[in-house]
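User: I am new to this structure and would like to go through it by question and answer. Please keep the answers plain.

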Amino acid sequence: MTTYDHTRRACYTGYVTQAIVNNLAPLLFIVFQTRYQLPLEMLGRLVLLNFATQLVTDIVAVKFVDRTGYRILLVLAHVLSALGLVSLAVVPELSPSPYLGLCAAIVVYAVGGGLLEVLVSPVVDALPSPQEGKAAAMSLLHSFYCWGQVAVVAGSTLLLAWIGQGAWQVLPVAWALIPLVNMVVFLKVPLPATVPDEHRTALRELFRAPAFAAAVVLMLCAGAAELTMSQWSSLFAEEGLGVSKVWGDLAGPCLFAVLMGVGRIVYGLWGERIPLVPAMTSCGALAAVCYLVACLSADPVVSLVGCAVCGLAVSLLWPGTFSLAAARFPLGGAAMFGVLAVFGDAGGAAGPWIAGAAADASAAATGLLGDLSAVLPDDGGSGLRAGILVATAFPIAVVAVTLAYGIRAGRAGSVTGVVVTGAVVTDGVVTGDIVTGDADGEAAGDPPRDPRLTG
């Protein structure tokens, strides 16, 4: 394990680890609900806790990574991920309050997931390789999150069907082996040096720019639109649509992840032909349609199709936002991407919780949400159709903000569609060669743009 090829493979596995810690617990929501008698709002709070913890970890890690180097934090990330997964299986059964036990385990592995989000992408980007090969290498890296999610959903669903829900603790223990092994690998592989803080653009200058504020809002809505459907589709299929757990997981979150991965790879290969602003607007509109189909259709098959196709629709929202920010602020540096990832995590935390809270409120059959639930197709009393309908606001907001960004950029005399070659961004950092783009003037103190980025 002495070459950078081993380092790159370890980073791929790091993204698989992040997919495990983000997607395993929601697959067990039905187990937690029946075993520990947890309402949907409390289950949604677990998702909120996971991403809120990652959000705080992102903020802290951005400040310290260049002082400590990559290796210590990468090893720590895998230790915490493995420890948290094992704790998920053990602590709730030993704790006087199973819910607090679940919360404790989630906090532990969420810190590990947050560290991976900040560390893995910069490591791969800094590895020695020809410039023309960097986009392909990063595209492959970020697709591993999607394929890791597919493996977690399909593997966990099939294993749980085989061993039975009474032995659910086997799942997190088994998945903990991956970060445990990868931890050993990161102890041995060579790692690049970090970049000093003085070479980065000051974040305070970015926050003064309206274009960056728009990117922040887009990240919030993109994270919420992606994670709400991803996190709730399994339970929605089982309780709201009456589909068996195996078929609900495979046709819902598993196919969602497959189509999200396909969408990111397709745009990575042919993105230079597709203007980004119109593409993001179309994806946001398609995501809104998928949300409406999922919650309004009385046919379970059609609703599941809406859940799955939503993966394709949201595939460009997160990476597209990073690409817009990169074109507008080409010298923003890794800190800029880290801050945007924080807001993406914030959306990913708030979106599922809002949907769960709305579902519980509508299931109570009181107030406006109760009236709304009464006119929606039957969902077994879970209220999840109303929760998903409320969450439709997130992709709609993406459409509105993206259109506003494109119109303002056009009036400023810039290209309304930022063309990106090989752009793939997954839960962290933009990758790809930005060919052209501009926006509403320079931020105060922003360094001059690289002329290669202004076409």
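User: Is Arg-208 buried or exposed?

Analyst: This is a predicted model, in which local features need pLDDT of at least 70, side-chain atom pairs count only at pLDDT 80 or more, and totals for chains, interfaces and linings use all residues. Residues are numbered from 1 along each chain as its sequence is written, and side-chain values use heavy atoms, with hydrogens and water left out. Buried means under 20% relative accessible area, exposed over 50%, and partly exposed in between, with a 1.4 Å probe and protein chains only. The relative accessible area of Arg-208 is 54%, so Arg-208 is exposed.

User: Which residues are joined with Arg-208 into one network by salt bridges that share partners?

Analyst: A salt bridge is a side-chain nitrogen of Lys or Arg within 4 Å of a carboxyl oxygen of Asp or Glu. Glu-205 forms one with Arg-208, with the closest N and O atoms 3.1 Å apart, and Arg-204 forms one with Glu-205 at 3.9 Å. Glu-205 is buried at 12% relative accessibility, whereas Arg-204 is exposed at 56%. The residues joined with Arg-208 are Arg-204 and Glu-205.

User: How far apart in sequence are the parts tied together by Glu-93 and Arg-35?

Analyst: Glu-93 and Arg-35 form a salt bridge, their closest N and O atoms being 3.0 Å apart. Glu-93 is partly exposed at 36% relative accessibility, and Arg-35 is partly exposed at 36%. Helices are DSSP runs (H or I, at least four residues), numbered from the N terminus. Glu-93 lies in helix α4 (residues 70–94) and Arg-35 in helix α2 (residues 29–36), so the parts tied together are 58 residues apart in sequence.

User: How many salt bridges does a search of the whole structure find?

Analyst: The pair Glu-93 and Arg-35 is a salt bridge, and so is the pair Glu-205 and Arg-208. For the whole structure, the search finds four.

User: Which helix gives the largest share of the largest nonpolar core?

Analyst: A nonpolar core is a set of buried Ala, Val, Leu, Ile, Met, Phe, Trp, Tyr and Cys residues joined through side-chain atoms within 4.5 Å. The largest core has 96 residues, and Phe-32, Leu-43, Leu-46, Phe-212 and Leu-340 touch the most other members. Its largest share, 16 residues, comes from helix α10 (residues 210–240).

User: Which residues is Leu-43 in contact with, leaving aside neighbours within four places in sequence?

Analyst: Contact means heavy atoms within 4.5 Å. With those neighbours left aside, the partners of Leu-43 are Phe-29, Phe-32, Gln-33, Leu-38, Trp-232 and Leu-235.

User: Which helix gives the most residues to the nonpolar patch on the surface?

Analyst: Patch residues have over 30% relative accessible area and no salt bridge, with like charges joined within 9 Å and nonpolar side chains (Val, Leu, Ile, Met, Phe, Trp, Tyr) within 5 Å. Trp-147, Val-262, Ile-265, Val-266, Leu-269 and Trp-270 form this patch, with about 490 Å² of accessible area together (Shrake-Rupley method, 1.4 Å probe, only the protein chains shown counting as cover). Among them, Ile-265 is partly exposed at 32% relative accessibility. Five residues of the patch come from helix α11 (residues 245–270).

User: How many disulfides does the structure hold?

Analyst: A disulfide is a pair of cysteine sulfur atoms within 2.5 Å. The sulfur of Cys-310 is 5.2 Å from the closest cysteine sulfur, in Cys-290, which is too far for a bond. The number of disulfides in the structure is zero.

Notes:
Helices (H or I, at least four residues) and strands (E, at least two) are DSSP runs, numbered from the N terminus.
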